Amino acid sequence: MSFVQGLKCRECHHAFPAEALHVCEWCFGPLEVVYDYEAIAGATSRETIAAGPPSIWRYANLLPAVNDGAVDLGAGFTPLVRADRLAAELGLGELWLKNDTLNPTGSFKDRVVSVALARARAMGFKVAACASTGNLANSVAAHAARAGMRHVVFIPADLEAGKVVTTAVYGPTLIAVDGSYDDVNRLCAELASEQPTWAFVNVNLRTYYAEGSKTLAFETAEQLGWEAPDHVVVPVGSGSQLTKIARGFRELYKVGLLDEEPHVRISGAQAEGCSPVATAFNEGHDYIRPVKPKTIAKSLAIGNPADGPYALDEVKRSGGGLEAVSDSEIVDSMLLLARTEGIFAETAGGVTIATLARLAAKGVVRSDERVVAYITGAGLKTIEAVAPVCRPTATIAPTMDAFAAAFEGVEG
Ligand SMILES: *Cc1c(COP(=O)(O)O)cnc(C)c1O
Ligand SMILES: [Zn+2]
C-alpha cells in the first residue's frame with residue numbers, strides 16, 4: 001500500500017493529483033510528493049522495517065511506489081563502514097562511508113531508478129527512458145531489462161567507454177548525442193512531451209524518481225542504530241540526491257523513527273570544472289549561474305542543475321559547506337580512498353573525498369562530529385581516470401634473481 005496523497009509545487013504549493021507530472025502548471029516550479037505521515041507513523045516502526053527485505057524496499061511506506069518484484073534488482077541496503085584509517089589521514093574523528101559502489105549496477109542511481117520504474121509500471125508505462133550522465137543509463141537499462149520493458153537511453157557521445165558498454169549490454173536503444181548532458185536533457189524534455197507513453201525517469205517521472213534518494217538517509221540512520229549523523233558530505237550533480245537526503249532525515253523524525261529532531265549539517269561536493277552550486281555558495285548569491293562542464297567527473301557534469309537552488313538552500317540552512325575540487329585532487333582522492341579503506345570509487349567518489357579533505361582542513365567538518373561521506377559510484381566504470389597512475393610496480397623475467405633485484409629496488 002502506498003501512502004501518497006498527491007503532488008505539490010515546491011514554489012507556490014499548488015496541489016496536483018499523483019500523475020506523471022514534474023512541473024507546476026501555474027509557475028513551472030518542480031513538484032514533490034505529499035504523504036500521509038500520520039498513517040505512515042501508524043503503520044511503520046523500527047521492527048516492521050527490520051522485518052522487511054535487505055533493500056530500499058524495507059522503507060516502501062516512505063516511497064511513492066510498492067515493490068511487486070518486477071523491477072527489483074536488490075538496490076540499496078549497502079554497507080555503512082567505519083573509516084578510521086581515512087579519518088586519521090584527514091584529521092577527523094568518527095568517519096563513516098556509505099558504500100553505494102555495491103549497488104546492482106554499481107551506483108546509487110539504482111535506488112532512484114527502482115522507485116521510478118516501479119511507479120511507471122503501476123501507471124501503465126511500457127517504455128523506460130532517460131537522459132543520463134552515465135550511471136543512470138546503466139541503471140535504467142538494467143532495470144528495464146529485468147522488468148521486460150522497452151528502453152530508450154540518451155547519453156552524451158563523449159561518455160566513458162565503461163559506461164557505454166555497461167549500458168549497451170542490456171539491449172537498450174542507445175542514442176549518443178553530440179553535445180553535453182544539458183543538451184541531452186533538453187532534447188529529452190522535448191521528447192517527453194511528444195512521447196507521453198514513455199517514462200523518462202528523470203523528466204516526466206522525476207518527482208517519483210527523486211524520492212528514491214531518501215533511502216540513503218533512511219539506511220544511514222538505521223545503520224547508526226536509529227541516530228542521525230552530525231554531518232554528511234554528498235556529491236552534487238543535479239542536486240537532487242543532496243536535497244532528498246536532507247528531506248529523508250526530517251521524515252524519519254516526522255514518522256517517529258528518530259527520537260530526537262535531527263540537526264544534520266549537509267555539505268556538497270562538486271568538481272572545479274562544473275561547480276555552479278559551489279560557486280553560488282562561495283560567492284554568496286542564491287541563484288545558480290549555468291556553466292559549460294569540463295571535468296573528469298562526468299557523472300556530476302550538469303551545467304544547469306535542476307535542483308541546484310534547493311541543494312544550495314539545504315547546505316546554507318544546515319550550516320554546511322560546498323567546495324569545488326580539481327581533477328588532480330579527484331584522482332589523488334580516488335587513490336587515497338582505495339589505499340586507506342579498500343574501496344575503489346569512480347570519479348564522483350574522488351570528488352566527495354577531496355571535498356571532505358578540504359572541509360576538514362578548513363574546520364568546516366570537525367573532528368568532534370560523526371561524519372558520513374556518500375561514495376555513490378564504482379571505480380571500474382571510470383577506469384581511465386586512474387589508469388595512467390595505476391601500473392605494475394615492476395615488470396620482470398620469471399626468475400628469483402629478477403624478482404630479488406626488482407624488489408630491492410622498490411623496497412630500498
Ligand atoms: C548522478 C550521480 C550523482 C549526482 O546525483 P544528483 O542527484 O544528480 O545530484 C552523484 N554520484 C554519482 C556516482 C552519480 O551517478
Ligand atoms: Zn507552482
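Helices (H or I, at least four residues) and strands (E, at least two) are DSSP runs, numbered from the N terminus. The structure is a predicted model, in which local features need pLDDT of at least 70 and side-chain atom pairs count only at pLDDT 80 or more, while totals for chains, interfaces and linings use all residues. Residues are numbered from 1 along each chain as its sequence is written, chains are lettered from A and ligands numbered from 1 in the order in which they are written, and side-chain values use heavy atoms, with hydrogens and water left out.

**Exercise 1. Determine which residues of helix α12 are buried, and what they pack against.**

Step 1. A residue is called buried under 20% relative accessible area, exposed over 50%, and partly exposed in between (1.4 Å probe, protein chains only). By this criterion the buried residues of α12, which spans residues 308-318, are G308, Y310, A311, L312, E314 and V315.

Step 2. These buried residues pack against helices α10 (240-254) and α11 (276-283) and against strands β11 and β12.

Step 3. Just after the helix, G319 takes a positive phi of about 80°.

**Exercise 2. Describe the surroundings of E11, and find its side-chain partner.**

Step 1. E11 is placed in the loop between β1 (4-9) and β2 (15-16), and because its relative accessibility is 47%, E11 counts as partly exposed.

Step 2. With contact taken as heavy atoms within 4.5 Å, and with neighbours within four places in sequence left aside, E11 is in contact with C27, G29, P30 and Y310.

Step 3. The side chain of E11 makes a polar contact with the side chain of Y310, at 2.4 Å. A polar contact is a pair of N or O atoms within 3.5 Å; within protein, one must be able to donate a hydrogen and the other to accept it, and residues adjacent in sequence count only if both atoms are side-chain atoms. Y310 is itself among the buried residues of α12.

Step 4. In the loop between β1 and β2 there is also H13, which is not a glycine and yet has a positive phi of about 65°.

**Exercise 3. Work out the strand order of the sheet that contains β7, and identify its edges.**

Step 1. Two strands pair if DSSP finds at least two bridges between them. On this basis 4 strands form an open sheet in the order β8-β7-β6-β9, with parallel pairing.

Step 2. The edges are β8 (173-177) and β9 (198-200), each with a single partner strand, so one side of each is left without a neighbour in the sheet. From one strand to the next the twist averages 20°.

Step 3. Strand β7 (residues 150-156) pairs with β8 in the parallel sense over 5 bridges, and V153 has L174 in β8 as its bridge partner.

Step 4. Helix α7 (residues 181-194) packs on the sheet, touching β6 (127-131), β7, β8 and β9, and its direction makes about 145° with that of β7. For such values axes are lines fitted to C-alpha atoms, for helices over the stretch in contact, and angles run from 0 to 180 degrees between N-to-C directions.

**Exercise 4. Do the corresponding analysis for the sheet that contains β10, and establish how β10 is covered.**

Step 1. An open sheet is formed by 6 strands in the order β4-β5-β13-β10-β11-β12, and the pairing is mixed. Its edge strands, β4 (80-82) and β12 (322-325), each pair on one side only, and the twist averages 25° from one strand to the next.

Step 2. Strands β10 (residues 231-235) and β11 (residues 265-271) run parallel and are joined by 5 bridges. Within this pair, P235 stands opposite A269 and V233 stands opposite S267.

Step 3. Both faces of β10 are covered, with H231, V233 and P235 buried on one side and V232 and V234 buried on the other.

Step 4. Helix α14 (residues 347-362) packs on the sheet, where it touches β5 (94-99), β10, β11, β12 and β13 (370-375), and its direction makes about 120° with that of β12.

**Exercise 5. List polar partners of ligand 1, and state how much of its area the protein buries.**

Step 1. Oxygen atoms of ligand 1 lie 2.8 Å from an N or O atom in the side chain of K109, 2.8 Å from a polar side-chain atom of N135, and 2.9 Å from a backbone N or O atom of G239.

Step 2. Taken alone, ligand 1 exposes 390 Å², of which the protein buries 98%; accessible areas come from the Shrake-Rupley method with a 1.4 Å probe, and for residues only the protein chains shown count as cover.
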